[in-house]
Number of protein chains: 4
Amino acid sequence: MLRPREGETERDRDRIVNLSDGVFAIAITLLILDIRVPEISENLVSRQLPEALLSLWPKYLGYILSFVGISAFWLIHHSIFRPIRDYDRTLLYLNFLFLMVVAFVPFPTSLLGEYGNHQLPVAIYAATLAVGRLLLTAIHWYSTRNDRLLDEPQDPATVRFFLIRGLTIPAIFLLSIAVSIFSVGVAIWTWLIMLAVDALVIHRRFR
Amino acid sequence: MLRPREGETERDRDRIVNLSDGVFAIAITLLILDIRVPEISENLVSRQLPEALLSLWPKYLGYILSFVGISAFWLIHHSIFRPIRDYDRTLLYLNFLFLMVVAFVPFPTSLLGEYGNHQLPVAIYAATLAVGRLLLTAIHWYSTRNDRLLDEPQDPATVRFFLIRGLTIPAIFLLSIAVSIFSVGVAIWTWLIMLAVDALVIHRRFR
Amino acid sequence: MLRPREGETERDRDRIVNLSDGVFAIAITLLILDIRVPEISENLVSRQLPEALLSLWPKYLGYILSFVGISAFWLIHHSIFRPIRDYDRTLLYLNFLFLMVVAFVPFPTSLLGEYGNHQLPVAIYAATLAVGRLLLTAIHWYSTRNDRLLDEPQDPATVRFFLIRGLTIPAIFLLSIAVSIFSVGVAIWTWLIMLAVDALVIHRRFR
Amino acid sequence: MLRPREGETERDRDRIVNLSDGVFAIAITLLILDIRVPEISENLVSRQLPEALLSLWPKYLGYILSFVGISAFWLIHHSIFRPIRDYDRTLLYLNFLFLMVVAFVPFPTSLLGEYGNHQLPVAIYAATLAVGRLLLTAIHWYSTRNDRLLDEPQDPATVRFFLIRGLTIPAIFLLSIAVSIFSVGVAIWTWLIMLAVDALVIHRRFR
């Protein structure tokens, strides 16, 4: 039943994209549920609330980090699916596997917000984003290898550029796990620097 | 008011599919809310966190199981609705009944993650998926019986193949309830084996 | 800025419908978060779990009731918006007011599931659904009074039929509040009987 | 990869709008999770429930306030995106930044519902809505400055009117922070009066 007649694939593809966008939208919006209002007895609020809100900073950082991470995933997903016109079961399975990682992100985020000064949460967070990014690379690799899934052949140089990028980023995430053994703070900085460098590279390439 | 003029049904059908996709997307993304970060006092984190995270494995298993289950429901829903062009109240009611089961899945998943080594949660989980699958079969049966709901008559052999599949899978789920009385672990394995066999059968048929 | 050029309104209307469907989908899926797995110490699970799950029946009832209620709201919303092609600020405001009630439903549902044998929760629940239904009637009344919002004039008899229905149902809900003062159980039954009668009337009219 | 071929941008733009609508829909529906049913022992329900529900009034107020605030954001977002046909990375980044604020709103709402009689929560709430509104103004400013992103040049007088409005509203929000130092109640009233005045101005302009 998953073999559409001609002219139908467009709408089918849209349904896959819509489901994915639903998961993206919910995952980034659920992140806020992890930041809970501190409980303070009424007569102490004025004195203790400012400090209590400041002490939640790892939660805010986690919120921003994961919001940026999932947004970046969306941007890449968007780019990968733009030329895709057809699909098969493998593409669907890869996409569901990827969505499973996207929907999972709130958990390592919560872990990072709670125990962000420890090595294990940092490693789990980096591993989650690395796996998500690798699955996006797999989807990209699979769809460009099967020209029949695309509306027209892609420029090989561009495809190669994005596959390399799609392997470099998860590699750096995995490397940051090794870094986190020595310094948790440095590992988190690695992610931010990587993000900035990546945005710069993309900007340069498409000037 | 639910009798559309010609040329309108396409968009109406899309609204039903969109609502369904919304419920699918939210149900799979809410599953993660059930995995909560363990609470450990700061000075014990390094020592106790690894073990605490490992002990959550029934929760991870539940997450993966239900994610796969709801994804499979989506794939089948997608296949069933592709040829549907028109709809009536019965189809709408059946679809809402099905969505009620999809939205319910996080509860038996949570139950399974908490008390997965007991018989009752395993039975409730199997029953939920069996009922969901049966409702999909009912939607399929109803839509193919009413040719006016389809854009063109379906191949009877294919329809029969999918109806048989749509009855076998819930039958195995219900059987696994009987199995769970003797061994909870074997019952869960039954589901995984069934999934693998089903994927293989589908793959063979559409090679 | 809210005055579209010709040929654009179609897509604009779709965006309003999409946002509404998002709220519908999330509201019905969030209902399940109110049914929480009972906490039982490991060695007592086999003995106490069946009873603990059974004692949650008011929660299950609330889940089904609100799922049916919100689904019915969606069906009516769907019927009302089908002929609507254009919109203005009043329609947008009415629709947002209605969505505010839809998104609110999980709270009275939770109240009903917790204290369903008391009068106040039953009255609040009935009032919420009555207000939601009245807002739908207001949207219907407003859009049919302004022919310019529709793609073509509606049959006056049909419009009148639906306006009467749209006033009778909230009236019965409000009446059930009076009933609930004498018997909470009878008030809940009023809703179910009303639903059945309404489905029958609709079925007869469109045979 | 983010440079679409001609004729494709329409659908790409729709995907951005869909994702945004998903975040809007979820953010307004999640607000209800902050209103929790009070816990009262069974034999005291009749006596204590009415008062317990009344004492939740700051929560109800927060729900309505944020629902109206996010709805207003949606209306403006809708107006801004209507003439947009194309997009670039800057527009995407601005939109994601804006969505990050929309998804954040439930937290200051919860803070306001809990400690609404204190200055800090009122200030944080006002600051959040001010930043959100400013980002919308930035998106509007950026898209109208780049005619290539629009389907046709906009009327300069209208653009100027909306930019001024888009700066006045956040300015009043920021001013209300200063007001809140003297009176928390007056600050909240400032928002409501501003909303009413704004609706009146818009109504007058487009009569």
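**Exercises on the A–B interface**

In this predicted model, 10 residue pairs, both at pLDDT 80 or more, are in polar contact between chain A and chain B.

**Exercise 1.** State which helices of chain A supply at least two residues each to the side that touches chain B, and how that side is composed.

*Solution.* Start with the helices: α1 (9–30), α4 (89–104), α5 (106–115) and α6 (119–145) of chain A each give at least two residues to this side. Next, find the largest share: α1(A) supplies it, with 11 residues. Then sort the residues of this side by class: 25 are nonpolar, five polar and eight charged.

**Exercise 2.** Find how many salt bridges the rule gives across the interface of chain A and chain B, and locate the partners.

*Solution.* The rule asks for a side-chain nitrogen of Lys or Arg within 4 Å of a carboxyl oxygen of Asp or Glu. Applied across this interface, the rule returns one salt bridge. The partners are A:R15 and B:D21, whose closest N and O atoms lie 2.8 Å apart.

**Exercise 3.** Give the extent of the interface in residues and in buried area.

*Solution.* Count residues on each side: 38 of chain A are in contact with 48 of chain B. Then take the area: the two chains bury about 3,800 Å² between them, and 67% of it is on carbon and sulfur atoms.

**Exercise 4.** Determine which operation lays chain A on chain B, and what symmetry follows.

*Solution.* A turn of 90° with a shift of 0.0 Å along the axis superposes chain A on chain B at an RMSD of 0.0 Å. The two copies are therefore related as by a four-fold rotation axis. Finally, compare the surfaces: the copies use different ones, as 11% of the contact residues of chain A recur in chain B.

Notes. Residues are numbered from 1 along each chain as its sequence is written. Chains are lettered from A and ligands numbered from 1 in the order in which they are written. This is a predicted model: local features need pLDDT of at least 70, side-chain atom pairs count only at pLDDT 80 or more; totals for chains, interfaces and linings use all residues. Side-chain values use heavy atoms; hydrogens and water are left out. Contact means heavy atoms within 4.5 Å. Buried area is the accessible area (1.4 Å probe) that two parts lose on being put together, summed over both. A polar contact is a pair of N or O atoms within 3.5 Å; within protein, one must be able to donate a hydrogen and the other to accept it, and residues adjacent in sequence count only if both atoms are side-chain atoms. Helices (H or I, at least four residues) and strands (E, at least two) are DSSP runs, numbered from the N terminus. Ala, Val, Leu, Ile, Met, Phe, Trp, Tyr, Cys and Pro count as nonpolar, Asp, Glu, Lys and Arg as charged, and the others, Gly among them, as polar. Copies are superposed by least squares on the C-alpha atoms of residues with pLDDT of at least 70 in both.
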